[in-house]
Amino acid sequence: MNDSERTDANAEQDLDLSPTKALFCGDIIGSSFWPFPQFADEEKELLGMVLDSVDRFLEDKQNDFRRWDEAGQQPEEFIQGLRDLGLFGLIIPEEHGGIGLSNAGYSRVLQQSSRHDSSASLTIGAHSSIGMKGLLLFGTDAQKEKYLPRLASGDLIAAFCLTEAGSGSDAASIKTKATSNPDGGWTLNGEKIWITNGGIADFYTVFARTDSDAGKISAFIVERDLPGVSTGLKEDKLGIRASSTTTVSFADVKLSAEHLLGEEGKGFKVAMSILNNGRTGLGGGAVGGIKACIALASKQATERKQFGRSIAEFGLIKKKIAEMTVDCFAAESAVRMVSHYIDKGYTDYSAEAAISKVFASEAMFRAANESLQIAAGTGFMKELPYERIMRDSRILTIFEGTSEILRLFIALSGMKCASELLQELKSATDDIFNNPIKGFGLLSDYAGRRITQLTSLGQDRIIAAVPDVLRDDALVFEKYTLELARLTDVLLRRHGKSIVEKQFALQRAADVVIDLFVGLSVLSRVSSMTPDDSEQYQQAVSIAHIFSQRAKRRMNRNLRAMLRNEDESAKSLADFIFDRESYPWDVL
Ligand SMILES: Cc1cc2nc3c(=O)[nH]c(=O)nc-3n(C[C@H](O)[C@H](O)[C@H](O)COP(=O)(O)OP(=O)(O)OC[C@H]3O[C@@H](n4cnc5c(N)ncnc54)[C@H](O)[C@@H]3O)c2cc1C
């Protein structure tokens, strides 16, 4: 496909429709998945240069990374090196002194830096993905002019300050307070904890409850050199130890009206927009980490001999490498798809961003664990990076939204969309005699969907978009999209609003839609490859087959378990244990 055809196909995308939410309604929006996004030639060239310089700077530093992990700190010369390479300005537009990469380009750079070291990646990532992203998304021209050039050069390093001791996943419950002053400014008081880049940053995006407008949350830009701003000691952590994590405290910090970021009272939206937009940075980092694990473990497996043979000859070692490779290809496809949505201007990509983060971060942890298992005793020793990679990757399913919270979010936002369709149906039926045309339109839509579900014949058939070799795989995703919609329907009718409390069911729904979204991204990517006899193409097709067959079994299991399960017994068992806070069945 040439560029103009690609552009035409893209032009048909409806930027207001969330592809994931549509899946909950039984629709695969083909134009959101096909064609698979490609980098424009100019960006490819620029990106190539950035990736080379990242490699050159980081590749001979494995011993340093190990020392800095032990010391729990990156030296200032290293951070200066990151500055010199322009890595703090990756997503800042050129007119403000940055490199001006797209979201996809940025995510690709984090992938490259993460192949070398997670802490190094995080110093860059926390700055761009979340630290100063609010300024890019919501800042006024004056705020951008004031801060962006220094943020691009790394003279100012940025951090994102949301979490507090009593407020983690429940971010809306923060207590940090900004009291309005008669001069239009604010006085800020409170303490944030576990802030990445906290100790090295000079620019903080801070979320606080404002005393006006019913105590809603607002976002502020706070500079380190303002009186009353202080940071605590570095945290002693399990992983990403060289990355700075500290408390950031505010004691009667005087802010002018110009420090407000976005509208007063809209800070929660600012925070969520930053996190949604930044998730492809973390996803890209996870993909880079998996690639590092594949390289390390495959070398180790071919070199290590046991029972007179290379361990790479053993089926159980092959299985691990194959799974890591499928996971990597799948995570890379999903992260690339989401960053394309962001660059393309989709208005709602929150569920997709959450899916890519959950999938990539969990795949990364599996890869870290399995690559260490392949290296076994050697992997357990500090001389080699396996154990550090494993410790470093543990954070990925915790920060920027835990896997649990994101799964609930994915399922609930999809189901909300489906329930709105049901509501519309209800009001259409109520309304049908007053406004038959409107009512009929909605009814025929709904009836069409039901018929589609019953006959498994979707209107937006994706098998038309895939090469023959992927037709059976496409049929899997078509079938299970309809199954998801059917079960969503059943769950909504059965539980109504109390679906919010049915977390086991929500998790299963999220897992089904994760398999659908990631699988469709994989199919799209393989469809975009030029078919030939090369082993690389044949193996990519094989990855699509492996993913779709395994996804089919997982989805089948999840959907069946929605109707028949032991959820209530499991909850009761957990309550029994909570009452005792211990395991009561010692054999002796
Ligand atoms: C190294 C590190 C760096 C960090 N960097 C930053 C940063 O730069 N800026 C920042 O603002 N924050 C940062 N954080 C904070 C991070 O975002 C939070 O740790 C995360 O949001 C989870 O909050 P919590 O740890 O308080 O867990 P909690 O919210 O207490 O959750 C505990 C457990 O309960 C689960 N849970 C919570 N609520 C529900 C629910 N409703 N249903 C089901 N399960 C639930 C969670 O998934 C989790 O498993 C960082 C944390 C760490 C460890």
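Me: Polar contact here: a pair of N or O atoms within 3.5 Å. Which ligand atom pairs with the side chain of Gln503?

Reply: A nitrogen atom of the ligand, 3.0 Å from an N or O atom in the Gln503 side chain. This is a predicted model, where local features need pLDDT of at least 70, side-chain atom pairs count only at pLDDT 80 or more, and totals for chains, interfaces and linings use all residues. Numbering runs from 1 along each chain as its sequence is written, and side-chain values use heavy atoms, without hydrogens and water.

Me: And what about Ser169 and the ligand?

Reply: The Ser169 side chain has an N or O atom 2.6 Å from an oxygen atom of the ligand. Thr402 also puts a polar side-chain atom 2.7 Å from a ligand oxygen.

Me: How much of the ligand does the protein bury?

Reply: The protein buries 67% of the 980 Å² that the ligand exposes when taken alone (Shrake-Rupley, 1.4 Å probe).

Me: Cool. Which residues come nearest to the ligand?

Reply: Phe160, Thr163, Ser169, Thr402 and Glu404, out of 19 around the ligand (a heavy atom within 4 Å). That shell has ten nonpolar, six polar and three charged residues, with Gly counted as polar.

Me: Where does the ligand sit?

Reply: In the largest pocket, with more than half of its atoms within 2 Å of the grid points. A pocket is an open set on a 1 Å grid, for a 1.4 Å probe, with protein on both sides within 12 Å along at least five of seven lines; lining residues have an atom within 4 Å of a point.

Me: Which elements give two or more residues to the ligand shell?

Reply: Strand S3 (186-196) and helix H15 (403-431). Helices are DSSP runs of at least four residues, strands of at least two.

Me: How much space is in the largest pocket?

Reply: About 1,100 Å³, as filled by probe spheres on the points. Of its 39 lining residues, Thr163, Ile398, Phe399, Glu400 and Gly401 are closest to the centre.

Me: Which element gives the most to that lining?

Reply: H11, with five residues. Helix H11 spans 267-303, and the elements giving two or more residues also include helix H8 (118-131) and strand S1 (158-161). The lining divides into 21 nonpolar, ten polar and eight charged residues.

Me: New topic, backbone. Is the Trp34 to Pro35 peptide bond cis or trans?

Reply: That bond is cis, with omega near -5 degrees. Pro35 lies in the loop between helix H3 (30-33) and helix H4 (41-58).

Me: And what is the phi of Trp194?

Reply: Positive, about 55 degrees, although Trp194 is not a glycine. Trp194 lies in strand S3, one of the elements around the ligand.

Note on methods:
Polar contact = N/O pair within 3.5 Å; in protein donor to acceptor, adjacent residues only side chain to side chain.
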